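Okay, thanks for coming, everyone. I'd like to walk you through one structure today, so let me put it on the screen.

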Amino acid sequence: MTGTDWAGWQQSWDRQQEWYMPDREERFRVMLDMVEALVGPEPRVLDLACGTGSITDRLLKRFPKATSTGVDLDPALLAIAEGHFAGDERVTFVTADLKDPAWAARLPYDAYDAVLTATALHWFHSEPLAALYGQLAGLVRDGGVLMNADHMIDETTPRINAAERALRHARMDREKAAGVLDWTDWWALAAKDLVLAGPTARRFEIYGEHADGDMPSPRWHADTLRAAGFGEARTVWASPSDTLLLAVK
């Protein structure tokens with residue numbers, strides 16, 4: 001794997017994700033603001049469903065004394081993350097299926113200051129996501145935080161939802177016509193790469209093509225996190241399509 005441009009692959013993933021979420025960097029900034037405000041500048045972080053390590057990358061650039069445990073099941077995205085952070089003793093990666101009740105036994109620590117995740121848990125249906133939140137409540141120390149940034153749909157506002165979606169997809173169509181890579185295009189490139197082709201094939205064997213989760217509302221997430229054992233939970237940032245939900249143990 002010598003010579004693979006891991007940083008380039010990670011940046012390519014980031015650009016592809018920004019096609020869906022042009023406010024993605026602002027969302028990360030607020031996430032890290034809340035980390036600093038609630039647990040300080042030297043946190044032990046669990047980067048949940050870490051993908052290529054986008055959160056960990058921004059975490060360590062802002063907080064050089066932080067440590068991160070990245071957890072994911074995707075062999076291709078983990079390969080990029082592991083390559084990008086190779087030799088960085090602040091970072092550990094764990095291969096685990098978050099739907100396996102015993103996944104947390106693979107972690108190097110029993111407790112974390114912060115659990116951070118973005119654009120990942122929409123793969124879960126509500127019942128297994130509630131169970132996962134219960135597990136995470138047991139991993140976050142008292143006073144620690146969990147933050148989930150994702151697409152959360154409020155079904156009580158159908159006209160707003162439809163208008164937002166139409167505008168967002170019109171923008172995406174224009175950018176796609178101008179040559180921006182979408183999710184499918186990015187994975188097609190990965191499948192042709194000599195190093196990533198094998199992990200990419202295994203990735204699609206594991207996950208299939210698309211997420212099929214429920215994407216419940218921000219209120220559902222907040223209520224479920226409080227029921228799981230967090231003392232407070234609410235939205236701390238939102239765009240027209242995405243929400244950053246913060247819970248404090």
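**Rings, cores and charges**

Let's start with Trp186, which counts as buried because its relative accessibility is 0%. Keep in mind as we go that this is a predicted model.

So which residue does Trp186 pair with? That would be Trp13, and the geometry is edge-to-face, with 4.8 Å centre to centre and 75° between the planes. Trp13 sits in helix α1 (residues 6-20) and Trp186 in helix α7 (residues 183-192), so this pair ties together parts that are 173 residues apart in sequence. Trp13 is buried too, at a relative accessible area of 10%. And there's a bigger picture here: ring pairs join Trp9, Trp13, Trp183, Trp186, Trp187 and Phe204 into a cluster.

The whole count is 11 aromatic pairs. Another one is Phe85 with Phe93: the ring centres are 5.9 Å apart and the planes are at 45°, so we call that one tilted. Phe85 and Phe93 are both buried.

Phe93 takes us nicely to the nonpolar cores. The largest has 28 residues, and Phe93 is among those with the most contacts inside it, along with Met31, Leu59, Leu116, Val145, Met147 and Leu244. If you're wondering where those residues come from, the elements giving two or more are α2 (24-39), α3 (54-62), α4 (75-84), β3 (91-95), β4 (112-118), β5 (140-150) and β7 (243-248). Which of them gives the most? It's α2, with six residues.

Zoom in on Val145 for a second. Leaving out residues up to four places away in sequence, Val145 touches Leu38, Val39, Asp113, Ala114, Val115, Val140, Leu246, Ala247 and Val248. Apart from this core there's another one, with 27 residues, including Val71, Leu132, Leu136 and Val140.

Now for helix α5, residues 126-139. Quick sanity check: at 1.5 Å a residue, its 14 residues should span 20 Å, and the end C-alpha atoms are 20 Å apart, so that agrees. Which residues of α5 are buried? Ser126, Leu129, Leu132, Tyr133, Leu136, Ala137 and Leu139. They cover an arc of only 150° around the axis, which puts them on the same side of α5. Over on the other side, Glu127 and Gly138 are exposed. As for partners, the buried residues of α5 pack against β1 (44-48), β4, β5 and α9 (218-228).

Last topic, charges. How many salt bridges does the structure hold? The count is 19. Take Asp242 and Arg27, whose side chains meet at 3.2 Å, N to O. Asp242 is in the loop between β6 (232-238) and β7 while Arg27 is in helix α2, so the pair ties together parts that are 215 residues apart in sequence. And are these two buried or exposed? Both are buried.

Asp74 and Arg203 make another salt bridge, with the closest N and O atoms 2.9 Å apart. This pair also links distant parts of the chain: Asp74 is in the loop between β2 (67-72) and α4, Arg203 is in helix α8 (residues 197-207), and they're 129 residues apart. Again, both Asp74 and Arg203 are buried.

Then there's Lys176 with Asp182, at 3.1 Å between the closest N and O atoms. Here Lys176 is partly exposed, with a relative accessible area of 32%, whereas Asp182 is buried at 12%. Finally, Glu26, Arg29, Asp33, Glu36 and Arg62 are linked in a salt-bridge network.

That's my tour. Thanks, everybody.

Methods:
Residues are numbered from 1 along each chain as its sequence is written. This is a predicted model: local features need pLDDT of at least 70, side-chain atom pairs count only at pLDDT 80 or more; totals for chains, interfaces and linings use all residues. Side-chain values use heavy atoms; hydrogens and water are left out. A nonpolar core is a set of buried Ala, Val, Leu, Ile, Met, Phe, Trp, Tyr and Cys residues joined through side-chain atoms within 4.5 Å. Buried means under 20% relative accessible area, exposed over 50%, partly exposed in between (1.4 Å probe, protein chains only). Helices (H or I, at least four residues) and strands (E, at least two) are DSSP runs, numbered from the N terminus. Contact means heavy atoms within 4.5 Å. The expected span of a helix is 1.5 Å times one less than its number of residues. The arc is that of the directions from the helix axis to the C-beta atoms. A salt bridge is a side-chain nitrogen of Lys or Arg within 4 Å of a carboxyl oxygen of Asp or Glu. Rings of Phe, Tyr and Trp (its six-membered ring) pair if their centres lie within 6.5 Å; planes under 30 degrees apart count as stacked, over 60 as edge-to-face and the rest as tilted.
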